[in-house]
Amino acid sequence: MTPTYYLLLSALLFSIGAVGVLVRRNAIVVFMCIELMLNAVNLSLVTFARINGALDGQVMAFFVMVVAAAEVVVGLAIIMSIFRTRRTASIDDANLLKY
Amino acid sequence: MNAVLAAELPQVAAATGTASLAWLLFALPAAGSLVLFVLGRRADAWGHWLGVLTIAGSFVIGLLIFLETAGLAPEQRTRELPLFEWIAVGGLSIDFGLRLDPLSLVFVLLITGVGGLIHLYAVGYMAPHGGEGDPDGATARRRFFAQFNLFVTAMLLLVLGNNFVMLYLGWEGVGLASYLLIGFYQDRPSAATAAKKAFLMNRVGDVGLAIAIFLLWTNLGTLQYTDVFERIGELSGGTILAITVLLLLGACGKSGQFPLQAWLPDAMEGPTPVSALIHAATMVTAGVYLIARTNPIYNLTETGRLVVALVGVITLLIGAIIGCAYDDIKKVLAYSTVSQIGYMILAVGLGPAGYALGIFHLLTHGFFKAGLFLGAGSVMHAMHDEVNMRRFGGLARYMPITFVTFGLGYLALIGFPFFAGYYSKDEIIGAAFGQPGWQGWVFGGVATFAAGLTAFYMTRLMLMTFFGEKRWERLKTSDGHDYHPHESPAVMTVPMIVIAVGSVFSGIVLASNHLLVDWLVPSLGELEEPHGGAIAHEYVPFLVVGFSALGVLIAWLTVGRRPTPVERPERVSFPVRAARKDLYANAINEALVARPGTWLARALVYLDNRGVDGLVNGTAALLGGSSGRLRRLQTGFVRSYALSMLGGGVLVVAALLAVRFA
């Protein structure tokens, strides 16, 4: 079992997440894609920790998880309040902040 | 030679006794001016008397100091009264100190004496007549006296200062006061223009004076008269020549000398007492004072003196020629002043042979020209402010006092034997003839010829104003009334009488036993008697009187025997046309200075608008336009921001990889 597969999987997951963020319009889906990217990064961090035989990467992964949890709280709240005012969860409808 | 001259400089003593009160000389009028300005309308009722009193007080103090000085031995008469340290910056240290010597005391007496009489006259002349169009008469008179006092203050500072910076302070103060007074009738555009013209042309001269002072400072490191005159011999000939020419430029501006003479006649826009003050006692004499005061500098450069004398000769001729052509009584007198100041400048340009004579003529001229202007003001007062002599005529019977005092001033000006001008002007012409070589012939000849012209235009003025047909009987004033000529009130005639006495006797008194010349020796050095030269000294008075008589005769033949047309004849010979246009002085100024200046200004405006502004505005427009386009990137779609973040991230990674593996 080589770590390369883990890294490839991580890269694949990250790319799926990135593409999802760019192409999907539903805020919930975009949000899930962001989580996907975060977790892809977590996977690679853990993999590198394994490769190097050190715990730094795993510690970092915990931090990322904490940040992700906090982000979910804030992000979902924002999405909820947008949905309440606009009756939609499409991120393209929330485009007032522009030129 | 320099060593000899340096040894002749007087020893300077500290001023004690009455002289320690000398600061009151200028402090009194300054206080008067301040009170009148600050109190405003509250001083309307009595302000003019305060103005007269302060000048009278200065005169009394001046007289006391003069008498005290006269009691001293000649070598002790140069005294200084340091008041306080005025400017102390680095190596520059300038005292606020007074120099009380024969020269400055003579000026103090002239300024406060004649100036005081003019103040008294102005009380009557500026009196509110309460008619229509004069609602603020009392306020105007109060303002007038505030400015009048300021004028005298500045002039006294000018002559009393013991260094060049105080001279400059007074110089600029006189310029400011003359600006205010020439433009006194603020509602007349012509007065405002004349005031501006006077101020601007004075600036040209002031620049010369300022640069001369800078040159003295950089070369000598001091501006006190005593130190400068002691060490002036250290400078090279070229520097001294430059300083003298620049000082002359200053004198030309202030004294209305060629080529800066054009402002003086326009200065007639002010009230007549202003003309009298500017032309007789103050302001225009400043240039003569400047050159006489700096005589130790001029003594070192013959070329510098020659330039001065040439300027004087040109001016005296210009003034006399133009004076013959004007019909405006005040303008004739104004050009007469230009001409007479030309005589003084010529005199001081003759160097040791003429300094004292220039001051002599300045004093006698101070009397008779003040008298003439006051007389002209009295005539205007009687004739509803009319100045055109063609509308006068036969006024002698209606205003006898004005006629007699004016007539005495007239005789003094044309140099009628034993009147004031006879002594001073003939002495100058004699000294001019006494110059060696061509200078004697040119200077003396032109001065004699101009004396004849002086007699002509003054006789013409007398004949047109006081004699002949009463042309005003047929005419109406500008607002449709008849003329009612009448004698002026006593407050105006008394000063005229006093000044007329001065015009008669000042010459003979000051000339007897060389009174004035000897008095001025401590300041100006011994007067060199002319020897040799073009024409021997004894014959000059006959020559001058002969020319003057010729001028009177021609005036009698051309003006006195023929009726004077009320309308000015327009079909006249070329010289008259040229003289009526001030010998094209204004046209020349316009063509040589004003128009190139305008073009330069226009070119600069164009460059500024299109060049500088274009650059600045162009940069701003470029930035604005491009950011307007860049702004479109902010679509408000989160996805596009995410894409640019991703793109940025990819770029960073690519750059890192490129650096790593390249």
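In this predicted model, the contact between the two chains draws on eleven residues from chain B and ten residues from chain A. On the chain B side, helix α26 (residues 638-661) is the largest contributor, giving five residues to the surface that touches chain A. By character, the chain B residues that touch chain A comprise five nonpolar, three polar and three charged.

Chain A carries an annotation worth setting beside the model. An unreviewed UniProt entry places the feature "transmembrane region" at residues 6-23, 28-49 and 61-83 of chain A. Two of these spans can be described from the coordinates. Residues 6-23 of chain A are 100% helix and 0% strand, with end C-alpha atoms 26 Å apart. Residues 61-83 of chain A are likewise 100% helix and 0% strand, and here the end C-alpha atoms lie 32 Å apart.

Turning to chain B, its secondary structure amounts to 26 helices and three strands. The C-alpha trace of chain B extends over about 115 × 70 × 55 Å along its principal axes. Of its 662 residues, 52% count as buried. Among contacts in chain B with a separation of 6 or more, 81% are made by residues 24 or more positions apart.

The three strands of chain B form an open sheet in the order β1-β2-β3, with mixed pairing. Strands β1 (13-14) and β3 of chain B lie at the edges and have a single partner strand each, so one side of each is left without a neighbour in the sheet. Strand β2 (residues 79-89) and strand β3 (residues 92-100) of chain B run antiparallel and are joined by nine bridges. Within this pairing, B:P82 has B:G97 as its bridge partner in β3(B), while B:V89 stands opposite B:L92. The hairpin of β2(B) and β3(B) leaves two residues between the strands, and B:G90 takes a positive phi there, near 55 degrees.

Two helices of chain B merit a closer look. The first is α2(B), which covers residues 23-39. With 17 residues at 1.5 Å a residue, helix α2 of chain B should span 24 Å, and the distance of 24 Å between its end C-alpha atoms agrees with this. Its buried residues are B:L25, B:F26, B:L28, B:P29, B:A30, B:G32, B:S33 and B:L36. Some of these positions can be read against a simple rule of helix geometry. An α-helix has 3.6 residues a turn, so residues three or four places apart point the same way. The cover over the buried residues of α2(B) includes α3 (47-70), α4 (102-125) and α5 (137-160) of chain B. After α2(B) comes B:G40, with a positive phi near 65 degrees.

The second is helix α16 of chain B, which runs over residues 355-382 and has 28 residues. From its first C-alpha to its last, α16(B) reaches 40 Å, close to the 40 Å expected at 1.5 Å a residue. Even so, α16(B) bends by about 30 degrees at B:H365. Helix α16(B) is also mostly covered, as 27 of its 28 residues are buried. Following α16(B), B:H384 has a positive phi near 60 degrees.

Terms used. Residues numbered from 1 in each chain as written. Chains lettered and ligands numbered in written order. Predicted model: local features only at pLDDT ≥ 70, side-chain atom pairs only at ≥ 80, totals over all residues. Helix = DSSP H or I, 4+ residues; strand = E, 2+ residues; numbered from the N terminus. Expected span 1.5 Å × (residues − 1). Buried ≥ 20, exposed ≤ 12 C-beta atoms within 10 Å, placed from the backbone. Contact = placed C-beta atoms within 7 Å. Nonpolar A, V, L, I, M, F, W, Y, C, P; charged D, E, K, R; others polar. Pairing = 2+ DSSP bridges. Bend = angle between axes of the 7 residues up to and from the residue. UniProt positions renumbered as here; feature names shortened; annotations may be inferred.
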